[in-house]
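Colleague: Before I rely on any of the labels attached to this model, I would like to hear the reasoning behind them. Could we take them one at a time?

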Amino acid sequence: MDTGTTPLLPQMPGFVDFSGRPADRLSTGRWPATLYIIVVAVAERFVFDAVSSNLINYLTKPLGEQTVTAVAAVNMWIGVASMLPLLGAFIADSWLGRYCTIFLSSILYILGLGMLTTSAFYQSSLSSSKQTSSSTPPLQMAFFYISLYIIALAQSGIKPCSQAFGADQFDQNDPQEGDSKSSYFSWLVFGLNGGMTVAIVTMSYVQDYIGWGIGFGIPCVVMIFAFVVFLFGTRIYRYYVVEENIPFIRVWRSFVALAKENSRQSNKMMEASSDSVLVEEARGLLRLFPIWSTCIIYGILYTQPRTLLVKQGSTMDRHIFSSFQVPPAALQAFINITVVLAIPIYDKIFMPTLRKLTGSRITTLQRIGTGMIVSLLSMVLAALVEIKRLKIVSEYGLVDQPETPIPMSLWWMVPQYVLFGVSDVFTMIGLMEFFYDQMPDDMRSLGIALFSSITGVGGILSSILVTTIDGITKKEGDSWFSDNLNRAHLDYFYWLLAGVTAFEFILFLYFAKSYVYR
């Protein structure tokens, strides 16, 4: 028996149960509690992807927006939605706690989805009565966008808090529970991608061929169901105690303390040990910034399968059988299917094999960097496929016939979606784990929010980039993002993204090499 091992107490310090008493190690938390949380997390991703994956087609068809306007709008919405978790994390870590934030955000989510469904049914009635493609009334458009941004605000609470709240159910000081938490993030992403796959395949078909009202209404019902399931686990969750010392204010104080230390003479000692702790926290947070900033390009690439690649796929031959056409947005499912298949391979085969061969495991930064290389390859492949598509357009004289399907199978696009999925297994999971582990215990919702903000900033930058390039290129002739994609040059845009990815990867390697883990 190892007498040097400190025995674990039956009650867990820093955590309480539903009644406010110290959480009992055996009757709270672990996988039984986590499963309830995973249900709401998976449902939230199902709902978000059911709305976002085919949104570009809703904007350009029923609402009649131009391609470049719709792409910019979707990228901006995804960007804002991915940035807002910083607000959700602030509310959770500083005031409400993760459980209450999920509770209130779920109600707000249901409200937004109800409004979106109402908007879609009303738009359908307008189209049926007019039988024209006239512009959407301004009030109707405003109501639609308000409902979208209510959904964005709602997911800002559920997304970071559900992921962090699930991890809270495992005690990292318990070796057995610590191992379970290491697997938690991989299996969480497995579940999330399973939910997203179902959403993309089923909802894009319902929206394109049955109706947008029903296509938005089903996610509303799913969210209501998940909310009820989440409530069932209330009595067995472990609740992290929100400290009176608000974490976000502590971040500010940490940077103030660091500034004060830098202003002192180098031979002076710190006046108080608390200042010393704050300074170290500030330095730890600053060390995250180079990693965060060099992963922004990945956030830009993240938006492409939901926008330009969907429009690109809509011009191609989408038949599987003579009477069945694949919705262009459904190809995004190959990203999620790849993730679902690759995670068990990574967790059960790749990692054990690597440990046997090298005696060590891959670090989170090595995992992120590997995914960045794969994402670079996906953009190169996307550019090559678009070059072939434009060549076929020219050969068949379809340049000025944008509504005519191109005699090129949609399946040409599948490999690049698979590469996107492989890159997610490495980069997205790696980023999630990295920003969770490298934050102080009471600021881990912020860590998840920082991870999410990468795609947020990427989405906003993608919107700005598309709008800027469109304004420049249409002065010289056809825009790279012309409504007639047969005259557009998406290939140039993909090459540009591949080049920027290569440059940022070099910067990432430089900063990752010198990073010291917490």
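Modeller: Let us start with Phe 144, which has a relative accessible area of 1% and is therefore called buried, since the cut-off for that word is under 20%. Please keep in mind throughout that this is a predicted model.

Colleague: What makes Tyr 58 count as buried or exposed?

Modeller: Tyr 58 has a relative accessibility of 1%, and because buried means under 20%, Tyr 58 counts as buried.

Colleague: Why is the pair of Tyr 58 and Phe 144 called tilted?

Modeller: A pair of aromatic rings is described by the distance of the centres and the angle of the planes. The centres of the rings of Tyr 58 and Phe 144 are 5.4 Å apart, and the limit for a pair is 6.5 Å. Their planes stand at 45°, and since stacked requires under 30 degrees and edge-to-face over 60, the pair is tilted.

Colleague: What makes this a pair that links distant parts of the chain?

Modeller: Tyr 58 belongs to helix α2 (residues 55–60) and Phe 144 to helix α6, with their positions 86 residues apart in the numbering. Tyr 58 and Phe 144 also belong to one aromatic cluster together with Tyr 145, Trp 212 and Phe 216, and the search of the whole structure finds 32 aromatic pairs.

Colleague: Why is the pair of Tyr 510 and Phe 511 called edge-to-face?

Modeller: The ring centres of Tyr 510 and Phe 511 lie 5.2 Å apart, with the planes at 75°, and because an angle over 60 degrees counts as edge-to-face, that is the name the pair receives. Tyr 510 counts as exposed at 60% relative accessibility, the cut-off being over 50%, whereas Phe 511, with a relative accessible area of 29%, is partly exposed.

Colleague: How do you know that Arg 389 and Glu 386 meet in a salt bridge?

Modeller: The N to O distance between their side chains is 2.8 Å, and since the criterion asks for a nitrogen within 4 Å of a carboxyl oxygen, Arg 389 and Glu 386 qualify. Both residues lie in helix α14 (residues 364–395), three residues apart, which is about one turn of the helix. Arg 389 has a relative accessible area of 0%, as does Glu 386 at 0%, so each of them is buried under the 20% cut-off.

Colleague: Why do Arg 21 and Asp 17 count as a salt bridge, and is each partner buried or exposed?

Modeller: Their side chains meet at 3.7 Å, N to O, and the pair therefore passes the 4 Å limit. Arg 21 is exposed with a relative accessible area of 52%, because the word applies over 50%, whereas Asp 17 is buried at 13%.

Colleague: What makes Lys 474 and Asp 470 a salt bridge?

Modeller: The closest N and O atoms of Lys 474 and Asp 470 are 3.6 Å apart, so the 4 Å criterion is met. Asp 470, at 8% relative accessibility, counts as buried. Elsewhere, salt bridges that share partners join Asp 400, Asp 478 and Arg 487 into one network, and the search of the whole structure finds eight salt bridges.

Colleague: How many cavities of 30 Å³ or more does the search find, and what lines the largest cavity?

Modeller: The search finds two, and the largest cavity has a volume of about 380 Å³. Of the 26 residues that line the largest cavity, the closest to its centre are Met 196, Tyr 302, Arg 306, Asp 424 and Met 428. By class, this lining has 14 nonpolar, seven polar and five charged residues.

Colleague: What lines the second largest cavity?

Modeller: The second largest cavity, with a volume of about 60 Å³, has a lining that includes Arg 45, Phe 48, Tyr 302 and Arg 306. Helices α1, α3 (67–83) and α6 each supply at least two residues of that lining, which divides into three nonpolar, three polar and three charged residues.

Colleague: How many disulfides are there, and are Cys 220 and Cys 295 buried or exposed?

Modeller: The count comes to zero disulfides. Cys 220 counts as buried at 12% relative accessibility, and Cys 295 counts as buried at 0%, because buried means under 20%.

How values were computed:
Residues numbered from 1 in each chain as written. Predicted model: local features only at pLDDT ≥ 70, side-chain atom pairs only at ≥ 80, totals over all residues. Heavy atoms only, no water. Buried < 20%, exposed > 50% of the residue type's maximum accessible area, 1.4 Å probe, protein only. Helix = DSSP H or I, 4+ residues; strand = E, 2+ residues; numbered from the N terminus. 1 Å grid on protein atoms, 1.4 Å probe; cavity = no way out; pocket = protein on both sides within 12 Å on 5 of 7 lines; lining within 4 Å. Points joined across faces, edges and corners; volume = space filled by probe spheres on them. Nonpolar A, V, L, I, M, F, W, Y, C, P; charged D, E, K, R; others polar. Phe/Tyr/Trp six-rings, centres within 6.5 Å; stacked < 30°, edge-to-face > 60°. Disulfide = S-S within 2.5 Å.
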